[in-house]
Structure formats: structure tokens, C-alpha cells
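This report describes a two-chain structural model for a reader at the bench. Please keep the sequence and the coordinates at hand while reading.

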Amino acid sequence: MIRFFVVLWVAVIAALPAAAQIKIEEVTSAGGIKAWLVNEPSIPIIAMQVGFKGGTSLDAPGKTGSINLMAGLLEEGTGDMDAAAFRRETESLAANFGFSARRDSVVVSAQVLKSNADEALALLRKAIVEPAFNDAAITRVRAQVLSGLESDLKDPQSIAGQTLNAIAFAGHPYSLPTDGTLETVKALTRDDLFAAHRASMSKDHLIVSVVGDVTAEELGPMLDALLGGLPEAGADLPARVAFGATGGTTVVDFPSPQSVALWAQPTSVDLDHPDFMPMFVMNHILGGGGFGSRLTDEVREKRGLTYGVYTYIAWLGATEYIGGSVASANGTVGEAIDVVAAEWKRMAEGGVTPEELDKAKKYMTGSYALRFDGNAKIARVMAGMQLDGFVPEYINTRNERLNAVTVEDIARVAKQHLQPDGLRFVVVGQPEGVVSTD
Amino acid sequence: MLLRTVSFCFAAVLAAQSVFAETGKVTTFELENGLQGVVIEDHRAPVVTNMVWYRVGSADEPAGYTGVAHFLEHLLFKGTKTLKPGEFSKIVKENGGVGNAFTSYDYTGYFQRVAADRLPLMMQLEADRMRNLVLLEEDVVTERNVVIEERNTRTESDPNSLFQEQRRAMMFMNHPYRNPVIGWRHEIEALNLQAALDFYETYYAPNNAILVIAGDVTPENVKALAEEHFGPLKPSDNIPERVRPKEPPHLSPVTVTFQDPRQTQPYFVRSYQAPKRQSGDQKEAAALLLFAQLLGGSGISSVMGQKLQLEQKIAVHTSAWYDSMSYDPETFGVYAMPRPDVTLDDLQDAVDQVLAEFLEEGVDAEHLARLKVQIAAEDIYELDDQAGVARTYGQALTAGLTVQDVQSWSDVLQSVTEEDIMAAARKVLVLKQSVTGLMLPPATEESQ
């Protein structure tokens, strides 16, 4: 046994970890509902994600927050069951259901026991297809949403994000808060919630992923029973929008010892773009990868200016941009911002070193398998892939594509797509020496 | 009808459990130098979680040095006799691993999740930094600033955290649970290299550590690897006996009010002194956990939610909690956020009324049956989360519980009766042993 490990020990240096062996079956039910399935019989449970493209961006004009409130009410009563009865029934079946509305999707997640899956999914069907939207439940859940919105008004992270969205996406649904505003949520009616349900939860927006102790043959009828009653078509997905903020700084005064800074710039590289993979890896090296990324090294490790600094590429349904965030004491946030801007410029002008690229590839390819070690985790990954328009084969080709990225690719995309002078910073706090430019 | 469904599911759950008893198998070992090992098998994916837990946390810090346990956790990434600062994380990443660390009152933990064939390297790295840490003055100063920024982010920027600090300092008058894990700001600012190193040399040793490995491994392999990497490490001979200052009797109920212009939402929160899970005798704690679940474990289907949110319509949110897994006794608590037109005083009265009624009316048998169905199902659901199971064992063992205690917990919960719950409820709901917190609404702006 020991010798066995000694052999592997040597192999550690030479080879990367084995790739995840995930066998995805694409199932289409008799009723035409499609799902990605991974049959994993070793635990008698089934994890499921039912997603609908569009999400809160499908809020009708003036009804901002309607889809979020609607999603919050799905577990609050159906048919002749009121909210408490629905919860009690869920608990009796030991099922776990989750309902959430996001910028680009409404997602229903379920974890059920194999032993009573049909009953549990029959209950879930009622919530998804026949929500009651009782007045008592509306009043109660609306109060919860309003309470959250009140808190958001005094939360620096939330203020910063909302400020950036309002600047970048003026006139588009993305400029509005996903949960709505105090005014719009207070004004929502029961009819608005039924309209939100029809607009966002329809077969043309639907994706499904299932992982667990269930076969393709068993799954088809389950899908038809669960989702067959949904309307065929919902609202049109929102029009594409360009990230419209220009270079500069916006300071929002907020009394706190620490400032939160966000920054972002547009990019034209979407998920289908030939430069998708080089951008993805470049972002990892710049600031997406936490420890070992340039920004964490420079802002946290060398200077001790923050607990966390990150960059990300936002691949949303209707736009793309690249941005980041940092929090630092009011007295040092200016220095942190200067370092961010300098690193943006350094990447744009010089790209990355072969050592940095090699390191990033080893991490990004090697850690990919870690996403696939649980039914619920795999179901979430597959739902995310479908919502983003990936094909199942991506899982098996991703690491190969990633390994094909060269330092030249990254130098080229960094030069072409990073705009050190085009960064819009939004700073919420009382930063010293940082002022609004417009 | 509902009850029949309940009993049906319960039977189904138990049957399923026995069939799949092989998944999630847990075994243990101990090395001669005192290192304890726990192995949780999960062969579904070629992935492993490697965790090292130290039986030391913020409640073990010397007086005046709050935050040193957490500060040291940060410094464990700074380098050893053979690794340069930052190299630890670099090696983990280059092997496709993710890792991090965490500190609490009773434990400090380090973990990596990685492809199963990289486990030997992860163990080598953890064994190395268990005894061979090297700290440089410049790294210590920079990292102290990082921790201060962490406190800025987690605490100074969050009125709820500031309020919680104030309440805990009242809840524990003498026990070090009164101090925040991250440390009081002025004491973090004074932490230095020597303080961290002293703490390290005292507590970081195989006889104060637990290795928890979960994933695609066999117990034999893990034990052999542990022998190879941790076996040669010398145990510490000066680990203090883990006896913290005890609480004196609490003779007076305390109310703490808090106000912050950044806080828009008022709320009521009360914690009571509560016993902990005792090794070999977990029944009372199990009853308390079920009491918390019945009272406020699941929103509107719990007693508080039913009465305060659905019937009286005076609360936006309600919940109850019980901290069962701690080395010394922790707290039981209730929380409620009022609807906008309801005062905190009225809400507090209503919560007190709910508690009094519970003691009067007793447990709803059907509600308890539902909870027990969920507890049985959780034995199956938890098999889907190897890292979660590993955390449960690490937390339990550093709280003075045994592997046997963890494994019997589900059965103990099932054995709890309505009478057990009522006895535990009566024991814990003693106002003079409580701290009531009132987060006040923001002060009204002056109109002039």
C-alpha cells in the first residue's frame, strides 16, 4: 500500500490530476421537455435544478421587483394549501426546495429522497405551475423584501453595485435593482405577480439538470409531470446592451471607516468569442484567482491594504464587462485604487509571463474536478452551463482549450480589450484623496 | 392523512439507510505522537478533502492578546524552514487544489480540497507547517494590517457584528467566549511576532491536532501517509490543560440597546445560557436542539413564525438557535424582526408570550414527528457533501466530543421525547441568565 503511494508521489510532479469523468445524458421527455442527467445511484437521493432564462430582467416596465417577489412567493401557497400547509407537507416528505430570482434567471432547486420522489415532485409541481399568490402571503413576503431593500440602502457593497449599474446600463432593465425599489415593490399587485410568473416561467425559457438515483427512462415521465403544465412561451429576453460607463471616478459619500470600491469597463468578448478562453485565463492571473493573482499579491500581500481584492468577467445574458472590487480603510483606499489602475495598465501593456500562465493552467485545469464531487454540486454546474448556453461536451474539452492558451494570446487580448483609461471606479465611503471626476 | 405520510416516509428513510450504509464509512486512528485521524470515505469522485484541526481557538488566548489565534492562522501561510512566504498556497494551487483556513472560539482549522492523488503532498505541507513555521518581522506587520482590514470589513462596517460583540461581552461575564474571535481592535493593533510565535509553539503539535480526511481514499492508505508525514513530528510537552475561566451565577437579566446610523432595521434578539453536548450524554442537548427547531428552526412552520408572522402579523422574520457544539457551554437564543408599525417593546412582549405559551401548551406531536423525519433524511443527504461531514467531525472533536458521539447523535435526536424537550425548555428559559438585545431603529433626522 505504501509503495502504491510512493509511485503516485513521483507522478505528482509530472502529471495533472485526472479529469472529472462526468457522463451527461441529454434526455427529452415524451412531452418535449429537455434535461441534462447524470445518473449517480450510490446515494438514494435526487438533486434537481429547474432554471428559467430571463430572470428579473423580464420585469415589466414600472414593475421592478415583481419577478423577485413572485419567486419568493412560490413556496408560500398553492391551490388550497396555504403557506404553512405547503411547508409542513415539504417537511413531511423531507424534501428541500429553493426558489430564487437572479438578474438573468429564476432557479428552482430541489433535493428529494428517491423513496418518495414522485410525491415530493408532485408537491413541487404545484408550487411551480399553480402558485396561489394569496393576499396574506403577498403582504407578508412583501414586508420581507422591503426590509431587505431598506438594509440595502445602507449597505456600501449594495450601494456601490447599484450606482455602477445605474451608470453603465441607463435605460435597460440591468440598470434597475433585481429586488426592485421601495416604491415599485409597495405598488405591486396580485395581478402583477401572475404576470411576472407568466413572463418568466415558461417552457421557452426552461432548462433542467438532474443528478442522482434516477435513469433516463424514469426521468422523462417525471419531467412531464413536473413541468408539462407550464405555458409554452414567456416574455422576450431583454435586448442586448453595451456597458456604457466611461472612464472616471464616482464617489458616494457614506459614513463608514472603510470604503468599498468597484470598477469596471466594457468588453466585447462573450462566451462564444474566439478569445473567450484567453480572457478567462488572463482574468484569473490579474485578479480572479485570489492568492497568487497579481492584485492579491500587490494590494494584500505586499502592502496589507485589504482583506480581499478580486476581478471578474461578468458574462450576463445581455452584456459583458470586466470589473473588480476591493475594500480598504478610508485613508488607504486611494492607494489601493492606484495599484489596481497600475496593474490594469501593466497587464494591458505586457501581458503575462510564461511562469504565470503555467501556474494558472495548472490550477484552473486541476481544480476543475473539484466542482463535480456531489450530486447537488453537479446539478448546479450543469444548470449554470445551460443558462449560459454551453454544450455538455464543454466539460470534456474545457481543459484542453485552456491548455492551448499561449502567452501571445493573452498579450494580444489584454492589449486589445483592457482599457486602463476606460475604468469607471465607484467608491462608497469617505475616501481620503479620492474625488468624483464628473 | 399527513401523519400517515410521515410514518411512511420515516420507514422508507430508515430502510434506505441500511442498504447504503457503506457510503460515508467513517474510521479513526491515532499515531504514537498523539495525532488523531478520522477518515470519511466517498468514492464517487477522485477528490479528497484534507483538514487539520487544532484544539485551540480564540477562547484559549492569553489575556490581553485577543485575536492572536486568528492572526496566527493568517501567518501559517507565511513560510517554513523550507518554504518561502506564500509558497504554501502556490503549491496547493499548482496542484489544482483549493484551500483556506478558519478560526473559531474552540478550534483553528486548515484545509485543502484536491484530486485524491495529491493527498500525500497536502499532508506533507500540513505536517511541515505544524512544527516548522518561520516568521519574518516584515510579513507579520503587513499581515496585521490585512487582519485590521478584515476586521474593518467584517465588523466595523457591519452594525450587526458590532452589536453582537457588545451582546456577547455581556452574555459571558468571565469566560473568554466574551471576546470576539477576530480580537478587539486595540489588541489586534498590538499583536506582534513573538506573541504569535509563543502561541504557535505551545499549541501547534501532533498531540493537539486532528487530521480529518474525506473522499476517495481508504483508511489504510491515509494512516500510512499520516505515519510517513506526521509520524516524525515531536509532540508538544507544554500544552496547557484546557480549563477556561468559568461563568459565575448570572443574577440579573441584562438588556443591551444599540443604535447605528447605518442600521435601518430594528430587531429583538435574546440569548440564554445553555448546556452543551456532553460526551456520552447528549440527550439534554438533543432536546434543546429540537426545542430550537420547533420554536424557530424553519420560519413560518415553526411556533414563533406561526404565531408572530402568520397569526399576529407583527414580525417580518423569526428564528431560534442553539449552539450545541462547543467546548464550554454556549447559548440558546431567539430572534425577531418587527413589522414597520410594531415597536420593539410590543414585539418583545409577544415573544415572551410565545415562550410562556410553549411552556404551558407543550410540544405539537405532529410537528416533532416531521422534524424527526427530516433528521433521518439528513443522514442520507449529508452523504452528498463530504467536506461538510469532515467539518462536522472536526468541530465535534475539538469541542470535546468523540467519533462515537457524532455517530450516535442522530439516534439520540430520534429518542428525544416531548417530556425531554419540555424539561430542557424549562431549564434554559431563565430570564436572569439571558441577555436581551434591542437593535434600535435609526434616530430620526432633525428637521431643522
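## A strand at the centre of a sheet

In chain A, strands β10(A) and β13(A) pair in the antiparallel sense over five bridges; strands count as paired if DSSP finds at least two bridges between them. Helices (H or I, at least four residues) and strands (E, at least two) are DSSP runs, numbered from the N terminus. The model is a predicted one, in which local features need pLDDT of at least 70 and side-chain atom pairs count only at pLDDT 80 or more, while totals for chains, interfaces and linings use all residues. Residues are numbered from 1 along each chain as its sequence is written, and chains are lettered from A and ligands numbered from 1 in the order in which they are written.

Within the pairing with β13(A), A:Trp263 has A:Phe425 as its bridge partner. Strand β13 (residues 424-429) of chain A is also joined to β9(A), by six bridges, and these two strands run parallel. There, A:Val251 stands opposite A:Val427, and A:Val252 has A:Val428 as its bridge partner. Strands of a sheet pair through backbone hydrogen bonds, either parallel or antiparallel.

How many of the residues of β13(A) are buried? Six of its six residues are, where buried requires 20 or more other C-beta atoms within 10 Å of the residue's own, exposed 12 or fewer, and partly exposed a count in between, with C-beta atoms placed from the backbone. In a regular strand the side chains alternate between the two faces of the sheet. Both faces of β13(A) are covered, with A:Arg424, A:Val426 and A:Val428 on one side and A:Phe425, A:Val427 and A:Gly429 on the other.

## The two five-stranded sheets

The sheet of chain A that holds β13(A) is open, has mixed pairing and follows the order β9-β13-β10-β12-β11. Its edge strands, β9 (248-253) and β11 (309-315) of chain A, each pair on one side only. From one strand to the next, the twist averages 20 degrees; axes are lines fitted to C-alpha atoms, for helices over the stretch in contact, and angles run from 0 to 180 degrees between N-to-C directions.

Chain B also has an open sheet of five strands with mixed pairing, in the order β7-β11-β8-β10-β9. Strands β7 (254-258) and β9 (315-322) of chain B stand at the edges with a single partner strand each, so one side of each is left without a neighbour in the sheet. Neighbouring strands in this sheet are turned by 10 degrees against each other on average, direction ignored. Strand β9(B) is joined to β10 (residues 331-338) of chain B by seven bridges, in antiparallel fashion, and B:Ala320 has B:Val334 as its bridge partner.

## Domains and the chain contact

The domain assignment, which comes from an automatic or database source, divides chain A into domain 1 (2-8 + 18-227) and domain 2 (248-429). Their C-alpha centres lie 27 Å apart. The contact between them takes 36 residues from domain 1 and 30 residues from domain 2, where residues are in contact if their C-beta atoms, placed from the backbone, lie within 7 Å. On the domain 1 side, α6(A) gives the most, with nine residues.

Between the chains, the contact takes 67 residues from chain B and 65 residues from chain A. Helix α5 (residues 137-156) of chain B supplies the largest share of the chain B side, nine residues. Helix α5(B) lies across β10 (258-266) and β12 (320-329) of chain A, and runs at about 100 degrees to β12(A).

## Two residues with positive phi

Most residues other than glycine have a negative phi, and most peptide bonds are trans. The table lists two residues with a positive value.

| Residue | Phi | Loop | Other C-beta atoms within 10 Å |
|---|---|---|---|
| A:Ala94 | about 55 degrees | between α3 (83-92) and β6 (96-101) of chain A | 28, buried |
| B:Lys313 | near 55 degrees | between α11 (303-311) and β9 of chain B | 14, partly exposed |

## Chain B as a whole

Chain B has 16 helices and eleven strands. The C-alpha atoms of chain B fill a box of roughly 65 × 65 × 40 Å along the principal axes. Of its 448 residues, 51% count as buried.

Definitions and conventions: Two residues are in contact if their C-beta atoms, placed from the backbone, lie within 7 Å.
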